[in-house]
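Colleague: I have a chain to look at before I go back to the bench. Put it up, and let's go through it with short questions.

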Amino acid sequence: MSAIFNFQSLLTVILLLICTCAYIRALAPSLLDKNKTGLLGIFWKCARIGERKSPWVACCCVIMAFSILFLQ
């Protein structure tokens, strides 16, 4: 089953996207800052969410990891 039809997999993909974009922006900000609009602007927006809401994103990652490891 693809991640689109399984809600938990979709949440996992979104969390990984946010964390990856924030990490890439921390290493090389010029890669994401030049594409603030359009289709590639999604990655810039995910990086901003990861930077500004980092305690909440980290909490969600811990909860998701716990549910994947122990509840499935």
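## Salt bridges, helices and burial

Colleague: How exposed is Glu 51?

Modeller: Relative accessible area decides this: under 20% is buried, over 50% is exposed, and partly exposed lies in between (1.4 Å probe, protein chains only). Glu 51 has 32%, so Glu 51 counts as partly exposed.

Colleague: What kind of model is this, and what are the ground rules?

Modeller: This is a predicted model, where local features need pLDDT of at least 70, side-chain atom pairs count only at pLDDT 80 or more, and totals for chains, interfaces and linings use all residues. Residues are numbered from 1 along each chain as its sequence is written, and side-chain values use heavy atoms, with hydrogens and water left out.

Colleague: What is the mean pLDDT of the chain?

Modeller: pLDDT is the predictor's confidence in each residue, from 0 to 100. In this chain, 94% of the residues reach 70 or more. The mean pLDDT is 86.

Colleague: Which helix has the highest confidence?

Modeller: Helix H2 (residues 29-33) is the lowest, at a mean of 85. The highest mean is 91, and it belongs to helix H3 (residues 41-52).

Colleague: In what order do the elements run?

Modeller: Helices (H or I, at least four residues) and strands (E, at least two) are DSSP runs, numbered from the N terminus. The chain has 4 helices and 0 strands. From the N terminus on, the order is α-α-α-α.

Colleague: Back to the charges. How many salt bridges are there?

Modeller: A salt bridge needs a side-chain nitrogen of Lys or Arg within 4 Å of a carboxyl oxygen of Asp or Glu. A search of the whole structure gives a count of 3.

Colleague: Which residue of helix H3 pairs with Arg 25, 26 residues apart?

Modeller: The bridge has its closest N and O atoms 2.7 Å apart, with Arg 25 on one side and Glu 51 on the other. The pair links distant parts of the chain, since Arg 25 lies in helix H1. The partner in helix H3 is Glu 51.

Colleague: Which other residue meets Arg 25 in a salt bridge, at 2.9 Å?

Modeller: Arg 25 is buried, at 16% relative accessible area. The partner is partly exposed, at 26%. The side chain that meets Arg 25 at 2.9 Å, N to O, is Asp 33.

Colleague: How far apart along helix H3 are Arg 48 and Glu 51?

Modeller: Their side chains also form a salt bridge, at 3.4 Å, N to O. Arg 48 is partly exposed, with 24% relative accessible area. The two are 3 residues apart in H3, so the separation is about one helical turn.

Colleague: Which residues do the shared partners join into one network?

Modeller: Arg 48 and Glu 51 bridge at 3.4 Å. Salt bridges with shared partners make one network of Arg 25, Asp 33, Arg 48 and Glu 51.

Colleague: How far apart are the end C-alpha atoms of H1?

Modeller: The expected span of a helix is 1.5 Å times one less than its number of residues. H1 has 21 residues, so 30 Å is expected. The end C-alpha atoms agree, at 30 Å.

Colleague: What covers the buried residues of H1?

Modeller: The buried residues of H1 are Thr 12, Leu 15, Ile 18, Cys 21, Ala 22 and Arg 25. Their cover includes H2, H3 and helix H4 (54-70).

Colleague: How far is Leu 15 from Cys 60 in space?

Modeller: Leu 15 counts as buried because its relative accessibility is 12%. Leu 15 touches Val 57, Cys 60, Cys 61 and Met 64, where contact means heavy atoms within 4.5 Å and residues up to four places away in sequence are not counted. Leu 15 and Cys 60 are 45 residues apart in sequence, yet C-alpha to C-alpha the gap is 7.8 Å.

Colleague: Which backbone oxygen does the Thr 12 side chain reach?

Modeller: Thr 12 sits in helix H1 (residues 7-27). Leaving out residues up to four places away, Thr 12 touches Met 64 and Ile 68. At 2.9 Å, the side chain of Thr 12 reaches the backbone oxygen of Gln 8.

Colleague: Which elements are among the cover of the buried residues of H3?

Modeller: Buried in H3 are Gly 41, Trp 44, Cys 46, Ala 47 and Gly 50. Their cover includes H1, H2 and H4.

Colleague: What share of the chain is buried?

Modeller: The chain has 72 residues. The buried share is 21%.

Technical notes:
A polar contact is a pair of N or O atoms within 3.5 Å; within protein, one must be able to donate a hydrogen and the other to accept it, and residues adjacent in sequence count only if both atoms are side-chain atoms.
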